[in-house]
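Me: Could you pick one small part of this model and take a close look at it? After that, walk me outward from there, and keep it chatty.

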Amino acid sequence: MDSIIGWFYLSTNNPVVPLYARLGHRYQSQELEALEHIQHLLSLLPTRFPFKFEQSMALGAYGKNYEQSDANIPARNLLLAVEAANRGATEIAIVCQADERTLPDRNEMFFKRSSDLLSQLYEKHVRVSPVFQEWDKTDMVNWFLDTHDLDLSYQDRVNVLLATTACYQPVEIDKKHQQCGNCPACFRRAVALINNGLTETYAQNVFESDVAREYLDKLGRYSVLRQKRTVMALYKSGSSLYKQALKLTQDQRSLESR
Ligand SMILES: [Zn+2]
């Protein structure tokens, strides 16, 4: 979802090649399925955003060998940037949200150092830069649904969004893949969607799941905005965790103001 919105966002200024690198990771086939679906959806519309994604096979076994149990793939963003540079790109964009700016492969140092290194190795100016560094996922979805810069109807935008995937561990139900509703990616996605008035089906209720409880435990460590977004999502979904989350954030606020 993030990369698709990022592609539209950048494409409103200049043509951008969407590159998908097959890493051989667990949820690769669901991502490819989603991309093909979106490509098909957009090909039927008279839009000035013809989405045609390129695929790279060069990193095919990396994710299979090194993907960790939490779906993290070490150095992934660096490898993706190298692969884009190998294909001649000099302006490389990687989605990175406000809350991710402390992660080692998404912080300012990473973007600066990888730009310097690739410029040196490829002997030309190469820049790796973050997209959406000031926004969170709710802001991104909100931009995509509301912006006047896209010649797509509201329903077309919703169709594109819901065709994307985020889940780290999709489950198969009736021979169809469904998002699990119990992984961090599902939770973050569901929060952004419901804060923008959209819901979808998960294999289990994502707002009552174990992962929702885990986020509740971590809530105090998040920015005030992220806390509010999470609490709002729990409220809108009718989650039984809402009151607990609200109390937690209010307690923290009154503690801080003392
Ligand atoms: Zn999931």
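## A serine and its surroundings

Reply: Let's start with the side chain of Ser-239, which reaches the backbone oxygen of Phe-207 at 2.8 Å. Keep in mind that this is a predicted model. The Ser-239 side chain also reaches the backbone nitrogen of Leu-241, at 3.0 Å. Ser-239 sits in the loop between helix 10 and helix 11 (242-257). Buried or exposed, then, for Ser-239? Ser-239 is buried, because its relative accessibility of 7% is under the 20% cut-off. Skipping residues up to four places away in sequence, Ser-239 touches Phe-207, Glu-208 and Leu-234. Phe-207 therefore turns up twice, as a neighbour that Ser-239 touches and as the owner of that backbone oxygen.

From that loop, step back into helix 10 (224-237), one of the elements that the buried residues of helix 6 pack against. Helix 6 spans residues 137-146 and is mostly covered, with seven of its 10 residues buried. Which ones are they? Lys-137, Thr-138, Met-140, Val-141, Trp-143, Phe-144 and Leu-145. Besides helix 10, their packing partners are helix 1 (2-11), strand 3 (91-95), helix 7 (154-163) and helix 8 (184-194). There's a nice detail at the start of helix 6, where a side-chain oxygen of Asp-136 comes to within 3.2 Å of the backbone nitrogen of Thr-138. Thr-138 is also one of the buried residues of helix 6.

Helix 7 and helix 8 lead on to the zinc ion. Its protein donors are the SG atoms of Cys-167, Cys-180, Cys-183 and Cys-186, lying 2.3 Å from it. Along the chain, these donors follow the spacing C-x12-C-x2-C-x2-C. Cys-167 lies in the loop between helix 7 and strand 5 (171-173), while Cys-180 lies in the loop between strand 6 (176-178) and helix 8, so this pair ties together parts that are 13 residues apart in sequence. Cys-167 is buried at a relative accessible area of 1%, and Cys-180 counts as buried too, at 6%. What geometry does the site have? It's tetrahedral, with angles of 101 to 118 degrees among the four donor atoms. For reference, the ideal angle for four tetrahedral donors is 109.5 degrees.

Some of these elements come back in the second largest pocket, which has a volume of about 440 Å³. Of the 17 residues lining this pocket, the closest to its centre are Leu-162, Ala-163, Thr-164, His-177 and Gln-179. Helix 2 (28-43), helix 7 and strand 6 each supply at least two lining residues. Helix 2 gives the largest share, four residues. Helix 7 thus appears in two roles: it helps line this pocket and is packed against by the buried residues of helix 6.

Now over to helix 4 (residues 76-86), which holds Asn-77. At 5% relative accessibility, Asn-77 counts as buried. Leave aside its neighbours within four places in sequence, and Asn-77 is in contact with Ile-94, Asp-105, Arg-106 and Phe-110. The loop between helix 3 (62-66) and helix 4 contains Ala-71. That alanine has a phi near 75 degrees, a positive value in a residue other than glycine, and is buried with a relative accessible area of 4%.

Helix 5 (residues 108-122) is where Glu-108 sits. How accessible is Glu-108? Its relative accessibility is 49%, which puts Glu-108 in the partly exposed class because the exposed class needs over 50%. Not counting residues up to four places away in sequence, Glu-108 touches Arg-101 and Gln-133. With Arg-101 there is a polar contact between the two side chains, at 2.2 Å. For a sense of scale, the C-alpha atoms of Glu-108 and Glu-200 are separated by 34 Å, and the two residues are 92 apart along the chain.

Last stop: Glu-123, in the loop between helix 5 and strand 4 (127-131). Its phi is near 50 degrees, again a positive value in a residue other than glycine. Unlike Ala-71, which is buried, Glu-123 counts as exposed, at 73% relative accessibility.

Note on methods. Residues are numbered from 1 along each chain as its sequence is written. This is a predicted model: local features need pLDDT of at least 70, side-chain atom pairs count only at pLDDT 80 or more; totals for chains, interfaces and linings use all residues. Side-chain values use heavy atoms; hydrogens and water are left out. Buried means under 20% relative accessible area, exposed over 50%, partly exposed in between (1.4 Å probe, protein chains only). Contact means heavy atoms within 4.5 Å. A polar contact is a pair of N or O atoms within 3.5 Å; within protein, one must be able to donate a hydrogen and the other to accept it, and residues adjacent in sequence count only if both atoms are side-chain atoms. Donors are N, O and S atoms within 2.8 Å of the metal (3.2 Å for Na, K and Ca); water is not among the atoms, so sites may look incomplete. Four donors count as tetrahedral if all angles lie between 85 and 135 degrees; four count as square planar and six as octahedral if opposite donors are over 155 degrees apart and all others between 65 and 115; anything else is irregular. On a 1 Å grid over the protein atoms alone, a cavity is a set of points where a 1.4 Å probe fits but cannot get out, and a pocket is an open set with protein on both sides within 12 Å along at least five of seven lines; lining residues have an atom within 4 Å of a point. Grid points are joined across faces, edges and corners, and a volume is the space filled by probe spheres set on the points.
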